[in-house]
Amino acid sequence: MWDYINEQKDVLTNILDYHKEMFSPYDKDVFDIEEIIITASGSSLNAAMLVKAMCEKESDKRIIIENPFQLRYYSPLLKQEKKAILIVLSQTGKSVGTLECLKIAKTNHIPTIAITAYNDSPIAKEADYHINMRCGDEPVGPKTKGFSATVMTLHLFIMKIIHSPLYQDVIKEYRESINELPQNIKDAKAWCQEHENWSKAKAMSIVGFGVNYPTAREGSLKVLETMQISVMNFDMEEFMHGPHRTIVKDSYLAVIDTDGYGKTLMNNLIEFSKTKTDNYFIVSTLKPQDEHTIHIGNYPLTSSWLNAVIPFQVMCTYFPQVNGVNSSDPVYGEFATTVGTRIA
């Protein structure tokens with residue numbers, strides 16, 4: 001996984017260098033819509049939630065996210081007569097549920113767009129339009145570069161659809177945040193080396209707010225997949241309504257502390273946690289680097305999500321190694337095809 005974490009700078013720069021070519025083939029009629037429906041699972045679902053949080057306030061189109069099971073069996077979204085498109089996200093392009101959603105949408109004459117890493121994947125072939133996220137192969141279960149490539153590709157594409165006036169400003173900011181990635185990785189590795197006791201954690205909570213609640217979800221998924229421990233993720237305010245009782249002496253808490261409407265509440269949570277446990281970890285655009293904090297740059301148009309997710313990617317690779325586990329090794333390699341959620 002280290003290779004894929006380190007490849008992110010080049011992968012994301014490549015997306016920015018070729019974004020015009022990636023999006024130019026699509027008919028302008030595709031953008032004459034009222035609703036954008038997005039479906040995905042796992043890291044791709046976290047990516048969709050993150051992009052929705054970044055784009056929804058400035059959009060005059062509804063952005064709706066459903067997981068594939070809910071969308072195809074319980075939701076009316078693909079059966080309504082509205083001017084809508086369906087965007088499906090799947091890095092491998094082999095998700096069975098996502099593929100079935102595509103077929104339902106096409107039956108009901110809803111234009112479909114797939115974002116995958118493979119042009120010849122079943123989902124890429126089934127969709128009306130396909131965008132390659134340009135991340136290359138990532139043959140491990142816990143995705144890192146695929147997650148960040150999915151977010152960036154979807155973010156730029158949604159901004160195109162909603163005719164965002166911030167498009168060029170966001171691209172400029174992304175280039176700045178990408179240049180920080182090597183330092184983020186270095187800082188995260190140093191923190192892990194100094195806190196190897198975290199490798200023995202039996203449970204963990206990861207908390208964020210706003211755009212970075214989905215970032216916290218992705219961090220939780222990565223830690224759960226690799227350390228194979230119980231990990232809870234919460235929106236900050238929801239964490240304060242009951243789950244805060246899990247902050248005890250031997251608990252492990254990680255938070256994403258960024259600028260925005262929730263920064264005062266988050267600071268209150270951090271100050272409270274300091275009185276209950278020594279095992280707290282802060283990824284922050286606001287606080288200076290110290291033994292509990294990794295400082296990242298403040299990128300307001302993207303809420304620094306890219307830089308905030310890096311410490312969790314490093315954590316989920318480093319700590320299993322301390323325990324003698326290679327995060328890249330499959331635990332149940334044939335699980336998805338055996339249970340029927342992925343095409344072999």
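In the predicted model, V331 is partly exposed, with a relative accessible area of 46%. This value lies between the limits of 20% for buried and 50% for exposed, and therefore places a residue in the intermediate class. V331 sits in the loop that runs between α13 (305-322) and α14 (335-339). Together with Y332, F335 and V339, V331 forms a nonpolar patch on the surface. The accessible area of these four residues together is about 460 Å². Because membership of a patch requires over 30% relative accessible area, the 46% of V331 meets that requirement.

A contrasting environment is found for V283. This residue belongs to strand β9 and is buried, with a relative accessible area of 0%. The value falls under the 20% cut-off, which means that the residue counts as buried. V283 and G297 are separated by 14 residues in sequence, and their C-alpha atoms are 10 Å apart in space.

Strand β9 also contributes to an internal cavity. A search of the whole structure gives 1 cavity of 30 Å³ or more, and the largest cavity has a volume of about 30 Å³. Its lining consists of L253, V255, I270, S273, Y280, F281 and I282. At least two of the lining residues come from each of β8 (253-257), α12 (263-274) and β9 (280-284). The greatest contribution is that of β9, with 3 residues. By class, the lining of this cavity comprises 6 nonpolar residues and 1 polar residue, with no charged residues.

Among the pockets, the second largest has a volume of about 690 Å³. It is lined by 29 residues, of which A53, M54, K57, V211 and S303 are the closest to its centre. Three helices, α3 (42-55), α7 (145-161) and α10 (212-227), each supply at least two residues of this lining. The largest share comes from α3, which provides 4 residues. The lining of the second largest pocket is made up of 14 nonpolar, 10 polar and 5 charged residues. Charged residues are thus present in the lining of this pocket, whereas the lining of the largest cavity has none.

Note on methods. Residues are numbered from 1 along each chain as its sequence is written. This is a predicted model: local features need pLDDT of at least 70, side-chain atom pairs count only at pLDDT 80 or more; totals for chains, interfaces and linings use all residues. Side-chain values use heavy atoms; hydrogens and water are left out. Patches are made of residues with over 30% relative accessible area and no salt bridge: like charges are joined within 9 Å, nonpolar side chains (Val, Leu, Ile, Met, Phe, Trp, Tyr) within 5 Å. Accessible areas come from the Shrake-Rupley method with a 1.4 Å probe; for residues, only the protein chains shown count as cover. A salt bridge is a side-chain nitrogen of Lys or Arg within 4 Å of a carboxyl oxygen of Asp or Glu. Buried means under 20% relative accessible area, exposed over 50%, partly exposed in between (1.4 Å probe, protein chains only). On a 1 Å grid over the protein atoms alone, a cavity is a set of points where a 1.4 Å probe fits but cannot get out, and a pocket is an open set with protein on both sides within 12 Å along at least five of seven lines; lining residues have an atom within 4 Å of a point. Grid points are joined across faces, edges and corners, and a volume is the space filled by probe spheres set on the points. Ala, Val, Leu, Ile, Met, Phe, Trp, Tyr, Cys and Pro count as nonpolar, Asp, Glu, Lys and Arg as charged, and the others, Gly among them, as polar.
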